[in-house]
Amino acid sequence: MEAPNPFYERGVIRDPKRFFGRKSELKQIFERLATMQSVSIVGERRIGKSSLLAYITATGPERLGKDYEFYTIDLQRVESTDDFIARAL
C-alpha cells in the first residue's frame, strides 16, 4: 500500500497518525513540558503551528503520562480579558 501524501492535507491535521516530521521540535517541546517550562510556537501563517499543537494535545498524555492534561484554546478572536477568561473556563 502506498503511503499517503503528507502535502495533501489542507487545514489543521488533527489525526496524529497523519502527522509526521518535526521530531526535533517535538522532543524539545516535550522535554520542556515535562519540567513545567513554558513553550512558544511562533512562525509564519500556514506552516503547521496549529497541526503541531493538535499533535501535542493528542499525544501529550501518552508521552508524558496520565498526570498531564492538554487542552487547546483558540485565541484568534479574543477581544478582551473577560472573553479570554470565558474561553479558558
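The dialogue below walks through a predicted model of one chain, from its confidence and helices to its aromatic pair and pockets.

Trainee: Before reading any detail, what is the mean pLDDT of the chain, and where is confidence lowest and where highest among its helices?

Mentor: The general point is that where pLDDT is low, the predicted coordinates should not be read in detail. In this predicted model the mean pLDDT of the chain is 87, and 90% of its residues reach 70 or more. Confidence is lowest in helix 3 (residues 81–88), at a mean of 91, and highest in helix 1 (residues 23–34), at 94.

Trainee: How many helices and strands does the chain have, and in what order do its elements run?

Mentor: The chain has three helices and zero strands, and from the N terminus on the order reads α-α-α. To go with that outline, 15% of the 89 residues count as buried, and among contacts with a separation of 6 or more, 47% join residues that are 24 or more positions apart.

Trainee: How many aromatic pairs does the structure hold, and how should the geometry of the rings be read?

Mentor: One reads the angle between the ring planes, since planes under 30 degrees apart count as stacked. The structure holds one aromatic pair: the ring centres of phenylalanine 19 and tyrosine 55 lie 4.7 Å apart with their planes at 25°, and the pair is therefore stacked.

Trainee: Which parts of the chain does this pair tie together?

Mentor: Phenylalanine 19 belongs to the segment before helix 1, whereas tyrosine 55 sits in helix 2 (residues 49–64), so the pair ties together parts that are 36 residues apart in sequence.

Trainee: Are phenylalanine 19 and tyrosine 55 buried or exposed?

Mentor: The cut-off to keep in mind is that buried means under 20% relative accessible area. Phenylalanine 19 has a relative accessibility of 11% and so counts as buried, and tyrosine 55, with a relative accessible area of 16%, is buried as well.

Trainee: Where is serine 51 placed, and with which residues is it in contact once its neighbours within four places in sequence are left aside?

Mentor: Serine 51 is in helix 2 and is buried, because its relative accessible area is 7%. Leaving aside the neighbours within four places in sequence, serine 51 is in contact with Gly11, Val12, Ile13 and Phe19, the last of these being a member of the aromatic pair.

Trainee: How much space lies in the largest pocket, and which residues lie nearest its centre?

Mentor: A pocket can be read by its volume, then its lining, then the classes of residue in that lining. The largest pocket holds about 1500 Å³ of space, and of its 39 lining residues Gly48, Lys49, Ser50, Ser51 and Leu53 lie nearest the centre. Helix 1 and helix 2 are the elements that give two or more residues to this lining, with helix 2 giving the most, at seven residues. By class, the lining has 20 nonpolar, eight polar and eleven charged residues.

Trainee: What is the volume of the second largest pocket, and which element gives the most to its lining?

Mentor: The second largest pocket has a volume of about 220 Å³ and is lined by 14 residues, of which Glu25, Ile29, Ser40, Ile41 and Leu52 lie nearest its centre. Helix 1 and helix 2 each supply at least two residues of this lining, but here helix 1 gives the most, with four residues. The classes in the lining of the second largest pocket are six nonpolar, four polar and four charged residues.

Methods. Residues are numbered from 1 along each chain as its sequence is written. This is a predicted model: local features need pLDDT of at least 70, side-chain atom pairs count only at pLDDT 80 or more; totals for chains, interfaces and linings use all residues. Side-chain values use heavy atoms; hydrogens and water are left out. pLDDT is the predictor's confidence in each residue, from 0 to 100. Rings of Phe, Tyr and Trp (its six-membered ring) pair if their centres lie within 6.5 Å; planes under 30 degrees apart count as stacked, over 60 as edge-to-face and the rest as tilted. Buried means under 20% relative accessible area, exposed over 50%, partly exposed in between (1.4 Å probe, protein chains only). Contact means heavy atoms within 4.5 Å. On a 1 Å grid over the protein atoms alone, a cavity is a set of points where a 1.4 Å probe fits but cannot get out, and a pocket is an open set with protein on both sides within 12 Å along at least five of seven lines; lining residues have an atom within 4 Å of a point. Grid points are joined across faces, edges and corners, and a volume is the space filled by probe spheres set on the points. Ala, Val, Leu, Ile, Met, Phe, Trp, Tyr, Cys and Pro count as nonpolar, Asp, Glu, Lys and Arg as charged, and the others, Gly among them, as polar.
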